[in-house]
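Trainee: I have a structure to look at and I'm not sure how to read it. Could you walk me through some of its features?

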Amino acid sequence: MNVRGLTSLLLLLTVAAFLLSLMAGKVWIWPNSWAADNADGWIFLELRLPRAVLGLCIGAVLGLSGAVMQGYLRNPLADPTVLGVSASAAFGGVVAIYLGLNLLPFGLFACAMLSAGFSILLLLVISRGGGPVGFILGGMVLSTLAGALTAFVISIAPNPFAANEIINWLMGALTDRLMADVGTALPFMALGVALLLSTGRALDALTLGENGAKSLGINLFRLQWIIVLGVGLAVGASVAVSGVVGFVGLIVPHLIRAIYGEQPSQILLPSALGGAILTLTADSLLRLVPGPGEVRLGIAMAVLGAPFFLLLLLRYRKGAA
Amino acid sequence: MTLTVRNLGFSYGQRRILDAIDATFEAGKLTVILGPNGAGKSTLLACLAGLLKPDAGTASLHDADITRMAPTARARQIGLLPQGAETHWAIPSMALVALGRIPHMRGAGTSTDDRRAISAAMSATATEGFAYRPVTQLSGGERARVLLARVLAGEPSWILADEPLANLDPGFQLDILNLLRRQVEAGKGVVAVLHDLAYAVRFADHLLLLHEGRLFAQGSVENVITPANLAHVYGIDANLFKDEEGAVQLCIKGKVRS
């Protein structure tokens, strides 16, 4: 099948996963009751729709950011969390919950986004002119710092309930988000995605190394800005609405590369679609698991993702030997 | 049509890498930059390619300062074959060659011009046979030709090659040198950093001999490759001689006794 055919198929699967996410759950809601004026209609509008839209956007953002980070660092083990933006946004969210700002409209989102924005600025200063290595080290420093501060805030939580609320939020989930929250995050994600999609040609040129790319007229300094801003806005906004959902950004580009080949520009859009499909499907399946509570999406992703990634690594090693 | 450097200097921090280099590179000639490790050869090439900004003097292309040219305009004129033959993803050879068209591309996809240049570059380097094979699966000799095809695909007037023969067997080294030679005959300017003095003697039209960041000698093979120069710069006892067919060859006898 050619590339266009493959992409059309992914697009179809994305639509299917989105529809599944709208319908699946402890209560199945079929399309004929989507506009109904009863409990089903209410569940659809207030719970399912925001959740499905969020799953679609977050999955796409994480898949795309992962593909861009791996292309930029020319390292298949990179993912969006490398930059430390996720950890910083999570720290902002935790502070908001600690101070009770999450009870205000947009309070949590604003805090997380501000913290993410601050980390973006810091990262640009730290890694200035340092190339990918400065970039990774800067991101690691930010990640570690934000993680430590987050642990500190949890440790000084006034009571176990507050600590519990913080930890629960950190685990990452798409549940109980209001359409308004989703709506606030969308413009940030859209801007980030647009920036990231524009990096394809520069990432391709980096296949030849930094000097090769520069000699082709690629401005690596500008590319670094675009990536920091793009990943920062898109991933920062995702974490701000849904906590940290890991592994999507790491795994999806690998799956897509197995189908589309390794050219960085060719896997950007497919990785976004793949991320959306994976996230929506996983979230729908989690809702179908019988039992009282629900496994958090962030946990499920990690539990499913880790063995899968191990398998990938083993296969790579076999290929290299 | 010339590339020129005037009073060029470059430092990494306190360390002076290049100092007061004056040289002119001409189209239709193969200029070889020689010098021992650390003499500043690659730095000079990087200044010519616009990758490094000299901190003294200028590097210019037909009177235009290279560091002030728009990167894309510069990339269309000056192609660089970087050191180390880096290829980071297992993309097909043809996709790698197509990267050479990036300075010419506007919008998405490839134009007829792009496709023509790509296939011309691949046929000139005899790489069509493995157009669809991933570059990571090619032999060193094949990959070197694909990487050169990538530079040719951009149709630059100038080709700068940084140690293009490194890690190649003699047959493959001659393949690359002959390909560069053919570009020179087609009127392009080629500047190559080489380590192998014997090849420099055989293939160069013009030589630059660098020593500790300064231009120690420049000119024709006979003027630059003299026993005195080689003893001073490389510490070797060597001289040129004419073989039975009348071709100039280099004979290295050993280290200079001190």
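Mentor: Sure, we'll go through sheets, helices, single residues and the contact between chains. Keep in mind that this is a predicted model.

Trainee: Let's begin with sheets. How do strands hold on to each other?

Mentor: In general, the strands of a sheet pair through backbone hydrogen bonds, and they can do so parallel or antiparallel. To read a sheet, follow the order of its strands and then look at the sense of the pairing. Chain B has an open sheet of 4 strands in the order 2-1-4-5, with antiparallel pairing. Its edges are strand 2 (15–26) and strand 5 (64–65) of chain B, each of which pairs on one side only.

Trainee: Over how many bridges do strand 1 and strand 2 of chain B pair?

Mentor: Strand 1 of chain B, residues 2–12, pairs with strand 2 of chain B over 8 bridges, in the antiparallel sense. You can pick out one partnership by eye: B:L3 has B:F25 in strand 2 of chain B as its bridge partner.

Trainee: Which strands make up the sheet with mixed pairing in chain B?

Mentor: That one is an open sheet of 6 strands, in the order 6-7-8-3-9-10, and its pairing is mixed. Strand 6 and strand 10 (214–219) of chain B are the edge strands, each pairing on one side only. From one strand to the next, the twist averages 15°.

Trainee: Can we zoom in on one strand of that sheet?

Mentor: Let's take strand 7 of chain B, residues 158–162. It is joined to strand 6 (residues 78–81) of chain B by 4 bridges, and the two run parallel. Strand 7 of chain B also pairs with strand 8 (residues 189–193) of chain B, in the parallel sense over 5 bridges. B:A161 is a handy residue to follow: B:A161 is the bridge partner of B:L81, and B:A192 in strand 8 of chain B is a bridge partner of B:A161. Similarly, B:I159 stands opposite B:V190 in strand 8 of chain B.

Trainee: Is strand 7 of chain B enclosed or open?

Mentor: Count the buried residues. For strand 7 of chain B, 5 of the 5 residues are buried, so the strand is largely enclosed by the rest of the structure. Both faces are covered: B:W158, B:L160 and B:D162 are buried on one side, and B:I159 and B:A161 on the other.

Trainee: What about the helices that go with these sheets?

Mentor: Look at what connects the strands and what lies across them. Strand 7, helix 6 (residues 170–185) and strand 8 of chain B make a right-handed β-α-β unit. Helix 1 (residues 41–48) of chain B lies across strand 1, strand 2 and strand 4 (56–61) of chain B, at about 125° to strand 1 of chain B. Helix 1 of chain B also lies across strand 3 (30–34), strand 7, strand 8 and strand 9 (206–211) of chain B, running at about 150° to strand 8 of chain B.

Trainee: How do I read a helix by itself?

Mentor: Check its length and its surroundings. Helix 12 (residues 268–288) of chain A has 21 residues and spans 31 Å from first C-alpha to last, close to the 30 Å expected. Since 17 of those 21 residues are buried, helix 12 of chain A is largely enclosed by the rest of the structure.

Trainee: And a single residue: is A:G249 buried or exposed?

Mentor: A:G249 is buried, with 29 other C-beta atoms within 10 Å. This residue is found in helix 11 (residues 248–260) of chain A. Beyond its neighbours within four places in sequence, A:G249 is in contact with residues including A:L62, A:G63 and A:D79. Its C-alpha is 8.3 Å from that of A:V61, although the two are 188 residues apart along the chain. Now try B:A166, in the loop between strand 7 and helix 6 of chain B. B:A166 has 16 C-beta neighbours inside 10 Å, so it counts as partly exposed.

Trainee: Last one: how do the two chains meet?

Mentor: Find the residues on each side. Here 20 residues of chain B are in contact with 19 residues of chain A. On the chain B side, helix 2 (71–77) and helix 3 (93–98) of chain B each give two or more residues. Helix 2 of chain B gives the most, with 4 residues. By class, that side has 14 nonpolar, 4 polar and 2 charged residues.

Key. Residues numbered from 1 in each chain as written. Chains lettered and ligands numbered in written order. Predicted model: local features only at pLDDT ≥ 70, side-chain atom pairs only at ≥ 80, totals over all residues. Pairing = 2+ DSSP bridges. Contact = placed C-beta atoms within 7 Å. Axes fitted to C-alpha atoms, helices over the stretch in contact; angles between N-to-C directions. Expected span 1.5 Å × (residues − 1). Buried ≥ 20, exposed ≤ 12 C-beta atoms within 10 Å, placed from the backbone. Nonpolar A, V, L, I, M, F, W, Y, C, P; charged D, E, K, R; others polar. Right-handed = clockwise from strand over helix to strand, strands pointing away.
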